Protein chains: 2
Amino acid sequence: MPTIKDVAKAAQVSVATVSRVLNQDKNVSPQTRQKVLEVVQKVGYTPNMLGRNLRRKNTERVLVLIPSLSNQFLSGVIRGVESAAKEKDLQVMISATHNDRAAEEGYLEMLDNRSVDGIILVGSTLEREEISRLANQYPLVMCSEWIEGAAVSAVGIDNERAAFDAVNALLSGGRKRVAVISNEEVYSARLRTQGYRRALAQAGVPYRQEYEVDHYEYTYRAGMRACRKLMALPEPPDAIFAVSDELAAGVCKALIEQGITPGREVDVFGFDNTTMSKVVTPSISTISQPRKKIGETALELLWERMEHPEGNYRLVLLPHELVLRDSSRKIN
Amino acid sequence: MPTIKDVAKAAQVSVATVSRVLNQDKNVSPQTRQKVLEVVQKVGYTPNMLGRNLRRKNTERVLVLIPSLSNQFLSGVIRGVESAAKEKDLQVMISATHNDRAAEEGYLEMLDNRSVDGIILVGSTLEREEISRLANQYPLVMCSEWIEGAAVSAVGIDNERAAFDAVNALLSGGRKRVAVISNEEVYSARLRTQGYRRALAQAGVPYRQEYEVDHYEYTYRAGMRACRKLMALPEPPDAIFAVSDELAAGVCKALIEQGITPGREVDVFGFDNTTMSKVVTPSISTISQPRKKIGETALELLWERMEHPEGNYRLVLLPHELVLRDSSRKIN
DNA sequence: CACCTCCATGTAATCGATTACAGTTCCTAT
DNA sequence: ATAGGAACTGTAATCGATTACATGGAGGTG
């Protein structure tokens, strides 16, 4: 690969001049500029980013760190990030942590060693203090999933409220025995459980411990297992709210296996409005998050941190929407 | 952030010595090493990768370039890449092109400007010559989806054979009128169409133009549309082979809407063995690719190119498996 | 005509690491 | 006692860019 020196030599100018041409510095005569550009063209010169980055002390690159790649919701979020990043001429890279702390720390080290200019973190295995420390030192924001009480900018929806709305929809459809399948290890899911409880409380429905099932994985298998457990209760629920669509799909599958039709005998509600919630039969009622907008906002927040490292942290909550389908009775 | 100079000063040694300690050079006395490590610890020094990369002329980082993030199959492939990359101490980054040529070219430029050491490309919008040129100049391999006739190392399955096997399974189940939903713009899908045709030919089933539906997108909506079209034919098919599970799920949904049960009146076959093929009712027969192995092999091939740039290109075809479920009659 | 300004360009420092080469100390073998 | 070599450490070049500062010439003004 030719370097800036080669170009300078071939164009019979100094490296400074070549650099000026390439960086739109106006102090270059049209003739010289012309000549340099010709040479650049001819030898196929591309600036070496390692050199440039070292000198400029930045990379114009941001990293999105997600727990898992096979998440349709997140892929929508990332499209939002990409779209906003394009505006700012930032390159977007993605890596998956698989909830592995060592892996996550490895990627976060890229902030220390300047491999990326900033990180958008979707959930984390780290503690609140650790996150706060990083966010204080570097451009780092959280997205969709954040850490309770951490000092960091974040964007997502009001999970408590969304769950409250979903359960309310089930209750106003006439259901009385609403169960929830949640995940106490994840903050957003804990908030959803709280919303579930508040809806029940507000409707005067007594709280039942046995209607709250905790599951670590958001897989359809976990959903099936949880559903079987619930339906085996002496008094099985007549509605099930799951904190993810894949869980909800598993619930539906387990119900169908038992000869129960979701949306008739038992309502089912999911979360995230993924393709799966539309494809399965019956289609599943769910919560739709403004994915793209969430991603865009995440990048805006990150940009804010990059431009004003001393500014205040912000928490942005975007509006969600209920999507009512066949797995729950319509409200009228 | 402290630099190597700060550490050197604090430890009262030269930068060379600090560097030696950090790079396991054995020519350092235990006392000095000890002292340097203490200072490194104390000031929280991390080597600046921009400096190191420039000097070493590499980044120990590889990029996986995929068309779309919301692809469960690919996420399995990437896990394979990550797992193999760990062995070689390479960091994996992922970016999505969304089949946008400009975006793809932007990311491929990272080879020119040395931002990454190599790229694993899953499909491409570029021409054969362009790919060949890049693969000749830099470590670049293709994975799952490659370009017909391009001079580049690649790994995937024998798509023609896999489709042949799938269609044979349908035929040996007693089906006579097998249709296919494919995508002529994608090489792997073209190969699958060829396998479909060969299976029909071998079974002596006459070829019917109207049984081959071409669809650009691999979405369930496209599958529904294609299915309706097929079932509206004067002589509708009694089996449908779709080149992706999501298409197949759409086919099933459209069939159910028409009161037809997949696996009874009409068989359905998908491709990729994604969660969706398991979750929908009835579950969908499909082809399973060794995702993780594919990813691992892709990284091995890339490593091969990095170590021996002058070596020969290799095409590795891994074995696939038929997964028979409820959407097709079992063979007995 | 002397002086000043502005423009175009070049020289050299710099970013933060690695590493070739050189120098010092000290041990060992003759 | 001394040459030779091993072990340790430092000095300075280097990677490929950007950029502060210096320089020289053109043009304008009183």
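How far does a polar side-chain atom of T32(A) lie from a phosphate oxygen of DNA strand C? The answer is 2.5 Å, and that contact is a good way into this structure. Please keep in mind as you read that the model is predicted. Here are some points to guide you through it.

1. Let us stay with DNA strand C for a moment. There are 28 residues around this strand, and R20(A), T32(A), I4(B), N48(B) and R55(B) come nearest. Both chains therefore appear in that short list, as you can see from the letters in the names. Of the atoms of DNA strand C that come within 4 Å of the protein, sugar and phosphate account for 59%.

2. Chain B also reaches the phosphates of DNA strand C. A backbone N or O atom of I4(B) lies 2.4 Å from a phosphate oxygen of this strand. Y45(B) uses its side chain instead: one of its N or O atoms is 2.8 Å from a phosphate oxygen of DNA strand C.

3. Which elements supply the surface near DNA strand C? At least two residues each come from α2 and α4 of chain A and from α2 and α4 of chain B. The element that gives the most is α4(B), with 4 residues. Sorted by class, this surface holds 9 nonpolar, 12 polar and 7 charged residues.

4. Now turn to DNA strand D. Here 29 residues surround the strand, with I4(A), N48(A), R55(A), R20(B) and T32(B) coming nearest. Sugar and phosphate make up 59% of the atoms of DNA strand D that come within 4 Å of the protein. The surface near this strand divides into 10 nonpolar, 12 polar and 7 charged residues.

5. Three side chains of chain A are worth finding beside DNA strand D. An N or O atom in the side chain of Y45(A) is 2.8 Å from a phosphate oxygen of the strand. For R52(A), a polar side-chain atom lies 3.0 Å from a phosphate oxygen of DNA strand D, and for the side chain of N23(A) the corresponding distance from an N or O atom is 3.2 Å. The elements giving two or more residues to the surface near DNA strand D are α2 (15-22) and α4 (49-56) of chain A, along with α2 (15-22) and α4 (49-56) of chain B.

6. How are the two protein chains related? Chain B superposes on chain A by a rotation of 180° with 0.1 Å of shift along its axis, at an RMSD of 0.1 Å. The two copies are thus related as by a two-fold rotation axis.

7. The contact between the copies takes 51 residues from chain A and 50 residues from chain B. Because 100% of the interface residues of chain B are also interface residues in chain A, the copies meet through the same surface. Together the chains bury about 4,200 Å² between them, with 64% of it on carbon and sulfur atoms. On the side of chain B, L50(B), L69(B) and V279(B) lose the most area to chain A, together 16% of what that side buries.

8. What holds polar atoms together across this interface? Between chain B and chain A there are 19 residue pairs in polar contact, while the number of salt bridges across the interface is 0. The side of chain B that touches chain A draws at least two residues from each of α4, β1 (61-66), α5 (72-87), β2 (91-96), α6 (101-112), α11 (245-257) and α12 (275-279). By class, that side has 21 nonpolar, 18 polar and 11 charged residues.

9. Salt bridges do occur in the model, with a count of 26 over all chains. One to look up is R101(A) with E127(A), where the closest N and O atoms are 3.3 Å apart. This pair links distant parts of the chain, 26 residues apart: R101(A) is in helix α6 (residues 101-112) of chain A, and E127(A) is in the loop between β3 (118-121) and α7 (128-137) of chain A.

10. A last stop is E145(B), in the loop between β4 (140-143) and β5 (153-157) of chain B. Leaving aside neighbours within four places in sequence, E145(B) is in contact with L121(B), V122(B), G123(B), V186(B), Y187(B) and S188(B). With S188(B) there is a polar contact, side chain to side chain, at 2.4 Å.

Key
Residues are numbered from 1 along each chain as its sequence is written. Chains are lettered from A and ligands numbered from 1 in the order in which they are written. This is a predicted model: local features need pLDDT of at least 70, side-chain atom pairs count only at pLDDT 80 or more; totals for chains, interfaces and linings use all residues. Side-chain values use heavy atoms; hydrogens and water are left out. A residue is near a molecule or strand if one of its heavy atoms lies within 4 Å of it. A polar contact is a pair of N or O atoms within 3.5 Å; within protein, one must be able to donate a hydrogen and the other to accept it, and residues adjacent in sequence count only if both atoms are side-chain atoms. Ala, Val, Leu, Ile, Met, Phe, Trp, Tyr, Cys and Pro count as nonpolar, Asp, Glu, Lys and Arg as charged, and the others, Gly among them, as polar. Contact means heavy atoms within 4.5 Å. Buried area is the accessible area (1.4 Å probe) that two parts lose on being put together, summed over both. A salt bridge is a side-chain nitrogen of Lys or Arg within 4 Å of a carboxyl oxygen of Asp or Glu. Copies are superposed by least squares on the C-alpha atoms of residues with pLDDT of at least 70 in both.
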